[in-house]
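Student: I have a two-chain model open and would like to learn how to read it. Could you take me through it feature by feature?

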Amino acid sequence: MTELANKLASYFEFPFVRHAMIVGALTALCSSLLGVTLVLKRFSFIGDGLSRVAFGAIAIAAAMNLTNSYLLALPTTVIGAVLLLRSGGGNATIKGDAALAMISVSAMGVGYLVLNVSSTSSNLAGDVCATLFGSVSILTLTVTDVWLCAVLSALVILVFLLFYHKIFAVTFDEDFAAATGTSAKAYNLLLSAVIAAVIVVAMNLVGALLISALVIFPALSAMRVFKSFKAVTVCSACFSVVCASAGILVSILAGTPVGSTVVAANAAGFCAFGAVGFVLRRN
Amino acid sequence: MPQLTCRNLTLGYEGKTVVSNLSFTVNAGDYLCVVGENGSGKSTLMKALLKLKTPTSGQIQTGGGLTRKEIGYLPQHTAAQKDFPASVREVVRSGCLNRCGLRPFYSKAEKRMAEENMENTGISKLAKRCYRELSGGQQQRALLARALCAAGKIILLDEPVAGLDPAAAAEMYELIAKLNAEAVTVIMISHDIAAAVKYASHILHIGNKSALFFGLTADYLQSEAGRSYGRL
Ligand SMILES: Nc1ncnc2c1ncn2[C@@H]1O[C@H](COP(=O)(O)OP(=O)(O)O)[C@@H](O)[C@H]1O
Ligand SMILES: [Mg+2]
(Lines give C-alpha, C1' and ligand atoms only; values in the text may rest on other atoms or scores of the structure.)
(Ligands and ions follow the chains in the order given, each with its own letter.)
Protein backbone atom coordinates (compact mmCIF):
# COMPACT_ATOMS: atom_id res chain seq x y z
CA MET A 1 0.00 0.00 0.00
CA THR A 2 2.70 2.48 0.97
CA GLU A 3 4.54 1.43 -2.12
CA LEU A 4 1.57 2.43 -4.23
CA ALA A 5 1.30 5.75 -2.40
CA ASN A 6 4.99 6.41 -2.95
CA LYS A 7 4.62 5.60 -6.60
CA LEU A 8 1.69 8.02 -6.87
CA ALA A 9 3.61 10.70 -5.01
CA SER A 10 6.49 10.34 -7.39
CA TYR A 11 4.12 10.66 -10.34
CA PHE A 12 2.78 13.90 -8.95
CA GLU A 13 6.27 15.36 -9.22
CA PHE A 14 5.64 15.53 -12.96
CA PRO A 15 3.84 18.67 -14.10
CA PHE A 16 1.96 16.78 -16.81
CA VAL A 17 0.31 14.58 -14.22
CA ARG A 18 -0.75 17.58 -12.17
CA HIS A 19 -2.05 19.31 -15.30
CA ALA A 20 -4.03 16.24 -16.28
CA MET A 21 -5.59 16.04 -12.81
CA ILE A 22 -6.56 19.74 -12.81
CA VAL A 23 -8.05 19.66 -16.30
CA GLY A 24 -9.76 16.35 -15.60
CA ALA A 25 -11.38 17.53 -12.37
CA LEU A 26 -12.52 20.85 -13.84
CA THR A 27 -13.95 19.23 -16.94
CA ALA A 28 -15.77 16.65 -14.86
CA LEU A 29 -17.19 19.33 -12.59
CA CYS A 30 -18.52 21.47 -15.45
CA SER A 31 -20.01 18.64 -17.43
CA SER A 32 -21.78 17.20 -14.39
CA LEU A 33 -23.31 20.55 -13.42
CA LEU A 34 -24.90 20.87 -16.84
CA GLY A 35 -25.57 17.17 -17.09
CA VAL A 36 -28.39 17.42 -14.55
CA THR A 37 -30.25 19.96 -16.67
CA LEU A 38 -29.52 18.17 -19.92
CA VAL A 39 -30.78 14.84 -18.62
CA LEU A 40 -33.88 16.42 -17.08
CA LYS A 41 -34.70 18.38 -20.22
CA ARG A 42 -34.35 15.16 -22.20
CA PHE A 43 -31.48 16.79 -24.05
CA SER A 44 -28.76 14.33 -23.14
CA PHE A 45 -28.49 13.22 -26.76
CA ILE A 46 -27.40 16.74 -27.64
CA GLY A 47 -24.05 16.25 -25.92
CA ASP A 48 -23.43 13.43 -28.32
CA GLY A 49 -24.38 15.44 -31.38
CA LEU A 50 -22.36 18.46 -30.31
CA SER A 51 -19.27 16.44 -29.73
CA ARG A 52 -19.39 15.40 -33.38
CA VAL A 53 -19.74 19.01 -34.45
CA ALA A 54 -16.72 19.81 -32.27
CA PHE A 55 -14.84 16.91 -33.87
CA GLY A 56 -15.53 18.31 -37.33
CA ALA A 57 -14.41 21.77 -36.26
CA ILE A 58 -11.21 20.47 -34.68
CA ALA A 59 -10.43 18.44 -37.80
CA ILE A 60 -10.85 21.50 -39.98
CA ALA A 61 -8.75 23.57 -37.59
CA ALA A 62 -6.03 20.94 -37.84
CA ALA A 63 -6.22 21.02 -41.64
CA MET A 64 -5.94 24.80 -41.59
CA ASN A 65 -2.90 24.48 -39.35
CA LEU A 66 -4.42 26.66 -36.65
CA THR A 67 -2.17 26.62 -33.62
CA ASN A 68 -5.08 26.63 -31.24
CA SER A 69 -8.05 24.56 -32.39
CA TYR A 70 -10.25 26.11 -29.65
CA LEU A 71 -10.48 29.28 -31.72
CA LEU A 72 -12.50 27.50 -34.38
CA ALA A 73 -14.04 24.72 -32.34
CA LEU A 74 -15.63 26.90 -29.68
CA PRO A 75 -17.63 29.28 -31.89
CA THR A 76 -18.67 26.50 -34.27
CA THR A 77 -19.91 24.35 -31.43
CA VAL A 78 -21.75 27.24 -29.80
CA ILE A 79 -23.57 27.92 -33.07
CA GLY A 80 -24.33 24.21 -33.41
CA ALA A 81 -25.68 24.11 -29.86
CA VAL A 82 -27.95 27.09 -30.38
CA LEU A 83 -29.35 25.60 -33.59
CA LEU A 84 -29.84 22.16 -32.05
CA LEU A 85 -31.50 23.34 -28.84
CA ARG A 86 -33.80 25.60 -30.80
CA SER A 87 -34.91 22.84 -33.12
CA GLY A 88 -35.25 20.51 -30.13
CA GLY A 89 -37.60 23.05 -28.57
CA GLY A 90 -40.52 22.29 -30.86
CA ASN A 91 -41.82 24.45 -33.71
CA ALA A 92 -39.16 23.52 -36.27
CA THR A 93 -39.80 22.08 -39.67
CA ILE A 94 -37.41 19.18 -39.28
CA LYS A 95 -37.93 17.16 -36.14
CA GLY A 96 -35.27 17.80 -33.49
CA ASP A 97 -33.69 14.37 -33.44
CA ALA A 98 -33.53 14.08 -37.24
CA ALA A 99 -31.96 17.55 -37.52
CA LEU A 100 -29.49 16.58 -34.83
CA ALA A 101 -28.48 13.41 -36.61
CA MET A 102 -28.12 15.26 -39.89
CA ILE A 103 -25.96 18.06 -38.56
CA SER A 104 -23.75 15.91 -36.38
CA VAL A 105 -23.15 13.20 -38.96
CA SER A 106 -22.34 15.72 -41.66
CA ALA A 107 -19.96 17.58 -39.37
CA MET A 108 -18.18 14.37 -38.58
CA GLY A 109 -18.05 13.22 -42.21
CA VAL A 110 -16.76 16.55 -43.49
CA GLY A 111 -14.24 16.71 -40.66
CA TYR A 112 -12.81 13.31 -41.49
CA LEU A 113 -12.80 14.09 -45.20
CA VAL A 114 -10.89 17.34 -44.68
CA LEU A 115 -8.39 15.59 -42.41
CA ASN A 116 -7.90 12.86 -44.95
CA VAL A 117 -7.42 15.15 -47.94
CA SER A 118 -5.13 17.65 -46.28
CA SER A 119 -3.27 15.69 -43.68
CA THR A 120 0.49 15.66 -43.87
CA SER A 121 0.73 13.50 -40.79
CA SER A 122 1.94 9.95 -41.30
CA ASN A 123 -0.31 8.68 -38.54
CA LEU A 124 -3.75 9.80 -39.70
CA ALA A 125 -5.64 6.90 -38.13
CA GLY A 126 -3.91 7.59 -34.84
CA ASP A 127 -4.82 11.28 -34.95
CA VAL A 128 -8.46 10.56 -35.68
CA CYS A 129 -8.61 7.89 -33.02
CA ALA A 130 -7.16 10.36 -30.54
CA THR A 131 -9.81 12.96 -31.30
CA LEU A 132 -12.55 10.38 -31.04
CA PHE A 133 -11.54 8.54 -27.93
CA GLY A 134 -9.40 11.09 -26.13
CA SER A 135 -5.88 10.02 -26.46
CA VAL A 136 -2.89 10.45 -24.31
CA SER A 137 -3.34 14.10 -25.24
CA ILE A 138 -4.51 14.91 -21.74
CA LEU A 139 -1.06 13.84 -20.56
CA THR A 140 0.64 16.21 -22.97
CA LEU A 141 -1.24 19.37 -22.08
CA THR A 142 0.65 22.63 -22.31
CA VAL A 143 0.35 25.33 -19.66
CA THR A 144 -1.76 27.36 -22.11
CA ASP A 145 -4.19 24.45 -22.43
CA VAL A 146 -4.52 24.25 -18.67
CA TRP A 147 -5.19 27.98 -18.36
CA LEU A 148 -7.72 27.93 -21.18
CA CYS A 149 -9.53 25.07 -19.54
CA ALA A 150 -9.41 26.81 -16.15
CA VAL A 151 -10.83 30.05 -17.54
CA LEU A 152 -13.61 28.32 -19.47
CA SER A 153 -14.48 26.19 -16.45
CA ALA A 154 -14.54 29.20 -14.15
CA LEU A 155 -16.94 30.91 -16.57
CA VAL A 156 -19.20 27.86 -16.73
CA ILE A 157 -19.29 27.50 -12.95
CA LEU A 158 -19.93 31.22 -12.49
CA VAL A 159 -22.82 31.20 -14.95
CA PHE A 160 -24.25 28.13 -13.25
CA LEU A 161 -24.05 29.65 -9.76
CA LEU A 162 -25.45 33.04 -10.83
CA PHE A 163 -28.38 31.51 -12.68
CA TYR A 164 -28.90 28.38 -10.60
CA HIS A 165 -32.49 29.18 -9.56
CA LYS A 166 -33.43 30.34 -13.04
CA ILE A 167 -31.98 27.21 -14.58
CA PHE A 168 -34.02 25.16 -12.11
CA ALA A 169 -37.22 27.02 -12.96
CA VAL A 170 -36.70 26.80 -16.71
CA THR A 171 -35.86 23.11 -16.44
CA PHE A 172 -38.75 22.24 -14.14
CA ASP A 173 -41.54 24.10 -15.91
CA GLU A 174 -40.69 26.18 -18.95
CA ASP A 175 -44.25 27.44 -19.45
CA PHE A 176 -44.58 28.72 -15.91
CA ALA A 177 -41.18 30.39 -16.08
CA ALA A 178 -42.04 32.10 -19.36
CA ALA A 179 -45.51 33.13 -18.20
CA THR A 180 -44.19 34.74 -15.04
CA GLY A 181 -41.44 36.72 -16.69
CA THR A 182 -38.35 34.53 -16.62
CA SER A 183 -37.24 34.54 -20.21
CA ALA A 184 -37.13 30.83 -20.94
CA LYS A 185 -35.79 31.46 -24.45
CA ALA A 186 -32.87 33.52 -23.20
CA TYR A 187 -31.92 30.91 -20.62
CA ASN A 188 -32.16 28.11 -23.16
CA LEU A 189 -29.80 30.09 -25.35
CA LEU A 190 -27.42 30.69 -22.47
CA LEU A 191 -27.55 27.01 -21.56
CA SER A 192 -26.72 25.95 -25.10
CA ALA A 193 -23.72 28.28 -25.25
CA VAL A 194 -22.44 26.94 -21.95
CA ILE A 195 -23.01 23.35 -23.00
CA ALA A 196 -20.98 23.96 -26.14
CA ALA A 197 -18.12 25.36 -24.07
CA VAL A 198 -18.19 22.30 -21.82
CA ILE A 199 -18.17 19.94 -24.78
CA VAL A 200 -15.15 21.63 -26.33
CA VAL A 201 -13.29 21.50 -23.01
CA ALA A 202 -14.27 17.90 -22.45
CA MET A 203 -12.94 16.83 -25.87
CA ASN A 204 -9.49 17.08 -24.30
CA LEU A 205 -10.30 14.63 -21.58
CA VAL A 206 -12.33 11.85 -23.10
CA GLY A 207 -12.59 12.62 -26.81
CA ALA A 208 -15.67 13.14 -28.94
CA LEU A 209 -17.30 9.75 -28.63
CA LEU A 210 -17.19 9.41 -24.86
CA ILE A 211 -18.35 12.88 -23.78
CA SER A 212 -21.93 11.77 -23.25
CA ALA A 213 -20.69 9.58 -20.43
CA LEU A 214 -19.39 12.59 -18.52
CA VAL A 215 -22.69 14.38 -19.00
CA ILE A 216 -25.10 11.52 -18.30
CA PHE A 217 -23.57 9.20 -15.69
CA PRO A 218 -23.16 11.69 -12.81
CA ALA A 219 -26.69 13.06 -13.15
CA LEU A 220 -28.34 9.65 -13.48
CA SER A 221 -26.33 8.25 -10.57
CA ALA A 222 -27.23 11.13 -8.27
CA MET A 223 -30.90 10.85 -9.25
CA ARG A 224 -30.92 7.24 -8.05
CA VAL A 225 -30.21 8.35 -4.49
CA PHE A 226 -31.25 11.99 -4.04
CA LYS A 227 -34.59 13.65 -4.65
CA SER A 228 -34.11 17.39 -4.50
CA PHE A 229 -32.51 19.43 -7.26
CA LYS A 230 -29.85 20.86 -4.96
CA ALA A 231 -28.83 17.48 -3.56
CA VAL A 232 -28.72 15.95 -7.04
CA THR A 233 -26.60 18.81 -8.36
CA VAL A 234 -24.10 18.68 -5.48
CA CYS A 235 -23.93 14.90 -5.54
CA SER A 236 -23.40 14.65 -9.28
CA ALA A 237 -20.63 17.25 -9.13
CA CYS A 238 -18.81 15.28 -6.40
CA PHE A 239 -19.47 11.98 -8.16
CA SER A 240 -18.06 13.27 -11.42
CA VAL A 241 -14.90 14.77 -9.89
CA VAL A 242 -14.18 11.62 -7.88
CA CYS A 243 -14.73 9.31 -10.85
CA ALA A 244 -12.63 11.42 -13.20
CA SER A 245 -9.76 11.70 -10.70
CA ALA A 246 -9.89 7.98 -9.95
CA GLY A 247 -10.00 7.20 -13.66
CA ILE A 248 -7.00 9.38 -14.42
CA LEU A 249 -4.98 7.91 -11.54
CA VAL A 250 -5.75 4.36 -12.58
CA SER A 251 -4.89 5.09 -16.18
CA ILE A 252 -1.55 6.56 -15.14
CA LEU A 253 -0.72 3.64 -12.86
CA ALA A 254 -1.98 0.92 -15.16
CA GLY A 255 -1.13 2.59 -18.46
CA THR A 256 -4.68 2.31 -19.81
CA PRO A 257 -6.23 4.94 -22.15
CA VAL A 258 -7.40 7.94 -20.09
CA GLY A 259 -10.82 8.55 -21.67
CA SER A 260 -12.07 5.01 -21.52
CA THR A 261 -10.78 4.51 -17.98
CA VAL A 262 -12.67 7.61 -16.82
CA VAL A 263 -15.81 6.35 -18.50
CA ALA A 264 -15.37 2.92 -16.90
CA ALA A 265 -15.01 4.60 -13.49
CA ASN A 266 -18.24 6.50 -14.15
CA ALA A 267 -20.04 3.31 -15.14
CA ALA A 268 -18.81 1.56 -11.99
CA GLY A 269 -19.96 4.51 -9.88
CA PHE A 270 -23.37 4.40 -11.55
CA CYS A 271 -23.74 0.72 -10.62
CA ALA A 272 -22.78 1.48 -7.01
CA PHE A 273 -25.32 4.33 -6.78
CA GLY A 274 -27.95 2.17 -8.44
CA ALA A 275 -27.43 -0.46 -5.74
CA VAL A 276 -27.61 2.15 -2.96
CA GLY A 277 -30.78 3.60 -4.44
CA PHE A 278 -32.32 0.14 -4.64
CA VAL A 279 -31.54 -0.60 -0.99
CA LEU A 280 -32.87 2.81 0.11
CA ARG A 281 -36.13 2.26 -1.72
CA ARG A 282 -36.54 -1.17 -0.18
CA ASN A 283 -36.35 0.22 3.36
CA MET B 1 -58.81 50.38 -14.80
CA PRO B 2 -58.52 47.71 -17.51
CA GLN B 3 -55.65 45.27 -16.94
CA LEU B 4 -56.40 42.98 -19.85
CA THR B 5 -58.39 43.82 -22.95
CA CYS B 6 -59.12 41.27 -25.67
CA ARG B 7 -60.43 42.48 -29.00
CA ASN B 8 -61.80 40.12 -31.66
CA LEU B 9 -59.45 37.43 -30.46
CA THR B 10 -59.20 34.27 -32.57
CA LEU B 11 -57.13 31.33 -31.40
CA GLY B 12 -56.32 28.03 -33.03
CA TYR B 13 -53.79 25.30 -33.69
CA GLU B 14 -52.31 24.81 -37.14
CA GLY B 15 -55.16 26.44 -38.97
CA LYS B 16 -57.85 24.80 -36.85
CA THR B 17 -59.82 27.51 -35.07
CA VAL B 18 -60.61 26.84 -31.43
CA VAL B 19 -62.14 30.14 -30.30
CA SER B 20 -63.11 33.01 -32.55
CA ASN B 21 -64.03 36.64 -32.16
CA LEU B 22 -63.69 36.90 -28.43
CA SER B 23 -63.86 40.36 -26.86
CA PHE B 24 -63.80 41.13 -23.17
CA THR B 25 -62.13 43.31 -20.56
CA VAL B 26 -60.72 42.45 -17.17
CA ASN B 27 -60.35 45.35 -14.72
CA ALA B 28 -57.97 45.47 -11.79
CA GLY B 29 -59.55 43.69 -8.82
CA ASP B 30 -62.02 41.66 -10.91
CA TYR B 31 -62.69 37.99 -10.26
CA LEU B 32 -63.39 36.41 -13.65
CA CYS B 33 -64.53 32.83 -13.96
CA VAL B 34 -64.18 31.14 -17.35
CA VAL B 35 -66.58 28.28 -17.88
CA GLY B 36 -67.34 25.99 -20.80
CA GLU B 37 -67.22 22.39 -21.95
CA ASN B 38 -64.04 20.34 -22.23
CA GLY B 39 -62.18 21.29 -25.37
CA SER B 40 -63.96 24.61 -25.79
CA GLY B 41 -60.62 26.44 -25.63
CA LYS B 42 -60.42 27.73 -22.06
CA SER B 43 -56.83 26.62 -21.47
CA THR B 44 -55.86 27.87 -24.91
CA LEU B 45 -57.30 31.28 -24.05
CA MET B 46 -55.37 31.37 -20.79
CA LYS B 47 -52.12 30.56 -22.58
CA ALA B 48 -52.81 33.37 -25.03
CA LEU B 49 -53.41 35.79 -22.13
CA LEU B 50 -50.04 34.70 -20.73
CA LYS B 51 -48.40 35.25 -24.15
CA LEU B 52 -47.39 31.60 -24.31
CA LYS B 53 -49.41 31.34 -27.50
CA THR B 54 -49.78 33.88 -30.28
CA PRO B 55 -53.34 34.61 -31.44
CA THR B 56 -54.35 33.86 -35.03
CA SER B 57 -55.89 37.31 -35.15
CA GLY B 58 -57.11 40.00 -32.80
CA GLN B 59 -55.34 41.71 -29.94
CA ILE B 60 -54.61 41.29 -26.27
CA GLN B 61 -53.71 44.53 -24.56
CA THR B 62 -52.34 44.85 -21.09
CA GLY B 63 -52.94 48.00 -19.11
CA GLY B 64 -52.49 49.48 -15.68
CA GLY B 65 -48.75 48.88 -15.74
CA LEU B 66 -49.14 45.09 -15.62
CA THR B 67 -45.90 43.26 -16.42
CA ARG B 68 -45.09 39.58 -16.57
CA LYS B 69 -43.23 39.87 -13.30
CA GLU B 70 -46.54 40.34 -11.47
CA ILE B 71 -48.37 37.32 -12.82
CA GLY B 72 -49.11 34.10 -10.96
CA TYR B 73 -50.09 31.03 -13.01
CA LEU B 74 -51.38 27.61 -12.12
CA PRO B 75 -51.24 25.44 -15.26
CA GLN B 76 -53.68 22.61 -15.90
CA HIS B 77 -50.88 20.23 -16.79
CA THR B 78 -47.21 20.71 -16.07
CA ALA B 79 -44.60 19.51 -18.45
CA ALA B 80 -42.48 18.43 -15.46
CA GLN B 81 -41.32 14.89 -16.02
CA LYS B 82 -42.08 11.89 -13.88
CA ASP B 83 -38.56 11.52 -12.52
CA PHE B 84 -37.69 15.15 -11.85
CA PRO B 85 -35.81 15.52 -8.56
CA ALA B 86 -37.27 18.58 -6.84
CA SER B 87 -38.43 19.12 -3.29
CA VAL B 88 -41.76 20.84 -2.65
CA ARG B 89 -39.91 23.80 -1.14
CA GLU B 90 -37.78 24.20 -4.27
CA VAL B 91 -40.88 24.15 -6.46
CA VAL B 92 -42.78 26.68 -4.33
CA ARG B 93 -39.80 29.02 -4.04
CA SER B 94 -39.41 29.06 -7.82
CA GLY B 95 -42.62 31.12 -7.80
CA CYS B 96 -40.68 33.96 -6.18
CA LEU B 97 -38.25 34.08 -9.06
CA ASN B 98 -40.05 36.86 -10.88
CA ARG B 99 -39.36 39.13 -7.89
CA CYS B 100 -35.61 38.45 -8.01
CA GLY B 101 -34.63 40.19 -11.21
CA LEU B 102 -30.95 39.48 -11.75
CA ARG B 103 -30.25 38.75 -8.09
CA PRO B 104 -28.96 35.16 -8.00
CA PHE B 105 -30.45 34.12 -4.65
CA TYR B 106 -33.78 34.40 -2.85
CA SER B 107 -34.06 37.11 -0.23
CA LYS B 108 -35.24 36.42 3.33
CA ALA B 109 -38.61 38.00 2.56
CA GLU B 110 -39.09 35.75 -0.46
CA LYS B 111 -38.22 32.65 1.51
CA ARG B 112 -40.67 33.69 4.22
CA MET B 113 -43.33 34.24 1.57
CA ALA B 114 -42.79 30.71 0.24
CA GLU B 115 -43.16 29.29 3.79
CA GLU B 116 -46.36 31.29 4.35
CA ASN B 117 -47.89 30.09 1.12
CA MET B 118 -47.01 26.49 1.96
CA GLU B 119 -48.67 27.04 5.34
CA ASN B 120 -51.77 28.50 3.66
CA THR B 121 -52.10 25.62 1.24
CA GLY B 122 -51.51 23.06 4.00
CA ILE B 123 -48.30 21.56 2.68
CA SER B 124 -45.77 22.80 5.25
CA LYS B 125 -45.20 19.25 6.43
CA LEU B 126 -44.37 18.15 2.88
CA ALA B 127 -41.75 20.85 2.30
CA LYS B 128 -38.83 18.43 2.13
CA ARG B 129 -40.65 15.70 0.25
CA CYS B 130 -39.93 14.97 -3.38
CA TYR B 131 -42.54 16.70 -5.56
CA ARG B 132 -42.94 13.74 -7.89
CA GLU B 133 -43.77 11.38 -5.02
CA LEU B 134 -46.83 13.35 -3.88
CA SER B 135 -50.44 12.55 -4.68
CA GLY B 136 -52.16 14.49 -7.46
CA GLY B 137 -53.98 16.73 -4.98
CA GLN B 138 -50.82 17.44 -3.00
CA GLN B 139 -48.97 18.36 -6.20
CA GLN B 140 -51.85 20.67 -7.10
CA ARG B 141 -51.48 22.44 -3.75
CA ALA B 142 -47.74 22.85 -4.26
CA LEU B 143 -48.34 24.41 -7.69
CA LEU B 144 -50.98 26.69 -6.18
CA ALA B 145 -48.50 27.81 -3.51
CA ARG B 146 -46.01 28.53 -6.30
CA ALA B 147 -48.64 30.56 -8.19
CA LEU B 148 -49.47 32.49 -5.02
CA CYS B 149 -45.78 33.38 -4.61
CA ALA B 150 -45.66 34.70 -8.16
CA ALA B 151 -48.93 36.66 -8.05
CA GLY B 152 -48.28 40.37 -7.62
CA LYS B 153 -51.21 41.97 -9.40
CA ILE B 154 -52.98 39.10 -11.10
CA ILE B 155 -53.33 35.34 -10.80
CA LEU B 156 -54.49 32.95 -13.54
CA LEU B 157 -55.71 29.55 -12.42
CA ASP B 158 -56.51 26.69 -14.78
CA GLU B 159 -58.89 24.32 -12.99
CA PRO B 160 -57.35 24.86 -9.56
CA VAL B 161 -59.63 22.47 -7.68
CA ALA B 162 -59.33 19.53 -10.08
CA GLY B 163 -58.08 16.62 -8.01
CA LEU B 164 -58.70 18.21 -4.62
CA ASP B 165 -60.93 16.75 -1.93
CA PRO B 166 -64.04 18.85 -1.09
CA ALA B 167 -62.58 20.34 2.09
CA ALA B 168 -59.36 21.31 0.33
CA ALA B 169 -61.37 22.75 -2.56
CA ALA B 170 -63.40 24.92 -0.17
CA GLU B 171 -60.19 26.11 1.51
CA MET B 172 -58.70 26.90 -1.87
CA TYR B 173 -61.70 29.02 -2.85
CA GLU B 174 -61.48 30.93 0.42
CA LEU B 175 -57.76 31.49 -0.12
CA ILE B 176 -58.36 32.84 -3.61
CA ALA B 177 -61.21 35.04 -2.39
CA LYS B 178 -58.92 36.45 0.29
CA LEU B 179 -56.26 37.20 -2.30
CA ASN B 180 -58.89 38.91 -4.46
CA ALA B 181 -59.97 41.01 -1.46
CA GLU B 182 -56.35 42.20 -1.28
CA ALA B 183 -56.86 43.70 -4.78
CA VAL B 184 -55.27 40.86 -6.78
CA THR B 185 -57.14 40.22 -10.01
CA VAL B 186 -58.26 36.59 -10.42
CA ILE B 187 -58.92 34.76 -13.66
CA MET B 188 -60.02 31.21 -13.01
CA ILE B 189 -61.11 28.35 -15.21
CA SER B 190 -63.56 26.11 -13.42
CA HIS B 191 -66.22 23.49 -13.97
CA ASP B 192 -67.62 24.15 -10.52
CA ILE B 193 -70.49 26.44 -11.55
CA ALA B 194 -71.80 26.82 -7.97
CA ALA B 195 -68.47 28.16 -6.73
CA ALA B 196 -68.12 30.33 -9.83
CA VAL B 197 -71.44 31.99 -9.14
CA LYS B 198 -70.65 32.37 -5.46
CA TYR B 199 -67.20 33.99 -5.77
CA ALA B 200 -66.80 35.52 -9.22
CA SER B 201 -67.64 39.09 -10.13
CA HIS B 202 -67.68 38.31 -13.86
CA ILE B 203 -68.31 35.20 -15.92
CA LEU B 204 -67.02 34.33 -19.39
CA HIS B 205 -68.81 31.36 -20.90
CA ILE B 206 -67.06 29.95 -23.96
CA GLY B 207 -69.19 27.80 -26.22
CA ASN B 208 -68.37 25.96 -29.38
CA LYS B 209 -66.03 28.41 -31.17
CA SER B 210 -67.40 31.66 -29.73
CA ALA B 211 -68.35 33.35 -26.49
CA LEU B 212 -71.85 32.59 -25.28
CA PHE B 213 -71.73 35.10 -22.50
CA PHE B 214 -69.52 37.71 -20.95
CA GLY B 215 -70.64 39.99 -18.15
CA LEU B 216 -71.52 40.30 -14.49
CA THR B 217 -72.31 37.15 -12.55
CA ALA B 218 -75.80 38.38 -11.62
CA ASP B 219 -76.63 38.91 -15.31
CA TYR B 220 -75.22 35.51 -16.20
CA LEU B 221 -77.77 33.77 -13.99
CA GLN B 222 -80.59 35.46 -15.94
CA SER B 223 -79.06 34.73 -19.35
CA GLU B 224 -79.91 31.84 -21.62
CA ALA B 225 -76.42 30.38 -21.42
CA GLY B 226 -76.35 30.61 -17.64
CA ARG B 227 -79.71 29.00 -17.13
CA SER B 228 -79.07 26.05 -19.40
CA TYR B 229 -75.53 25.49 -18.06
CA GLY B 230 -76.68 25.83 -14.43
CA ARG B 231 -79.26 23.11 -14.89
CA LEU B 232 -76.69 20.55 -16.08
N1 LIG C 1 -51.10 21.61 -28.41
C2 LIG C 1 -52.22 21.45 -29.13
N3 LIG C 1 -52.14 21.16 -30.46
C4 LIG C 1 -53.26 21.03 -31.21
N5 LIG C 1 -54.51 21.14 -30.71
C6 LIG C 1 -54.66 21.42 -29.41
C7 LIG C 1 -53.52 21.59 -28.55
N8 LIG C 1 -53.97 21.88 -27.29
C9 LIG C 1 -55.31 21.87 -27.37
N10 LIG C 1 -55.74 21.60 -28.63
C11 LIG C 1 -57.13 21.55 -29.08
O12 LIG C 1 -57.73 22.79 -28.80
C13 LIG C 1 -59.03 22.60 -28.28
C14 LIG C 1 -59.19 23.36 -26.97
O15 LIG C 1 -58.33 22.81 -25.98
P16 LIG C 1 -58.24 23.41 -24.53
O17 LIG C 1 -58.01 24.86 -24.64
O18 LIG C 1 -57.26 22.61 -23.77
O19 LIG C 1 -59.71 23.15 -23.96
P20 LIG C 1 -60.28 23.29 -22.48
O21 LIG C 1 -59.19 23.78 -21.59
O22 LIG C 1 -61.42 24.25 -22.62
O23 LIG C 1 -60.79 21.95 -22.08
C24 LIG C 1 -59.26 21.11 -28.17
O25 LIG C 1 -60.09 20.71 -29.23
C26 LIG C 1 -57.91 20.50 -28.32
O27 LIG C 1 -57.99 19.31 -29.03
MG1 LIG D 1 -58.22 22.97 -20.03
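Tutor: Happily; we will go through the fold of one chain, then the interface, then some strands. Keep in mind that this is a predicted model.

Student: Let's begin with chain A. How many helices and strands are there in chain A?

Tutor: A good habit is to list the elements before looking at any residue. Chain A has 13 helices and zero strands, so read from the N terminus the element string is simply α-α-α-α-α-α-α-α-α-α-α-α-α.Student: What share of chain A is buried, and what share of its contacts joins residues 24 or more positions apart?

Tutor: Of the 283 residues in chain A, 50% are buried. Counting contacts with a separation of 6 or more, 77% are between residues 24 or more positions apart.

Student: Now the interface. How many residues of each chain are in contact?

Tutor: Start with the residue counts, then turn to the area. Here 35 residues of chain B are in contact with 28 residues of chain A. The two chains bury about 2,700 Å² between them, and 63% of that is on carbon and sulfur atoms. B:F84, B:P85 and B:L97 supply 22% of the area that chain B buries against chain A, more than any other three residues.

Student: How many salt bridges and polar contacts go with that area?

Tutor: Between chain B and chain A there are two salt bridges. One salt bridge joins A:D173 to B:R146, with the closest N and O atoms 2.9 Å apart. The polar contacts come to ten residue pairs. On the chain B side, the elements giving two or more residues to the interface are β5 (71–74), α2 (88–93), α3 (97–100) and α5 (136–150). Sorted by class, that side has 20 nonpolar, seven polar and eight charged residues.

Student: Can we zoom in on one residue of chain A? Is A:H165 buried or exposed?

Tutor: For a single residue, look at its element, its accessibility and its neighbours. A:H165 sits in helix α8 (residues 164–172) of chain A. Its relative accessibility is 16%, and because the cut-off for buried is under 20%, A:H165 counts as buried. Leaving out residues up to four places away in sequence, A:H165 touches B:L97, B:P104, B:F105 and B:Y106. B:L97 is also one of the three residues named for their share of the area.

Student: Next, the strands of chain B. Which way do the side chains of a strand point?

Tutor: In a regular strand, side chains alternate between the two faces of the sheet. Take β6(B), residues 154–158: B:I154, B:L156 and B:D158 point one way, while B:I155 and B:L157 point the other way. Five of the five residues are buried, so β6(B) is largely enclosed by the rest of the structure.

Student: Which strands pair with β6(B)?

Tutor: To place a strand in a sheet, find its partners and the sense of each pairing. β5(B) runs parallel to β6(B), joined by four bridges, and B:L74 stands opposite B:L157. Strand β7 (residues 185–189) of chain B also pairs with β6(B) in the parallel sense, over five bridges. There, B:I154 stands opposite B:T185.

Student: May I try β8(B)? Which of its residues point which way?

Tutor: Please do, and check burial on both faces. B:H202, B:L204 and B:I206 point one way from β8(B), B:I203 and B:H205 the other, and all are buried. That agrees with the count for the strand, residues 202–206, where five of five are buried. Its pairing with strand β3 (residues 31–35) of chain B is parallel, over four bridges, and B:C33 has B:I203 as its bridge partner.

Technical notes:
Residues are numbered from 1 along each chain as its sequence is written. Chains are lettered from A and ligands numbered from 1 in the order in which they are written. This is a predicted model: local features need pLDDT of at least 70, side-chain atom pairs count only at pLDDT 80 or more; totals for chains, interfaces and linings use all residues. Side-chain values use heavy atoms; hydrogens and water are left out. Contact means heavy atoms within 4.5 Å. Buried area is the accessible area (1.4 Å probe) that two parts lose on being put together, summed over both. A salt bridge is a side-chain nitrogen of Lys or Arg within 4 Å of a carboxyl oxygen of Asp or Glu. A polar contact is a pair of N or O atoms within 3.5 Å; within protein, one must be able to donate a hydrogen and the other to accept it, and residues adjacent in sequence count only if both atoms are side-chain atoms. Ala, Val, Leu, Ile, Met, Phe, Trp, Tyr, Cys and Pro count as nonpolar, Asp, Glu, Lys and Arg as charged, and the others, Gly among them, as polar. Buried means under 20% relative accessible area, exposed over 50%, partly exposed in between (1.4 Å probe, protein chains only). Two strands pair if DSSP finds at least two bridges between them.
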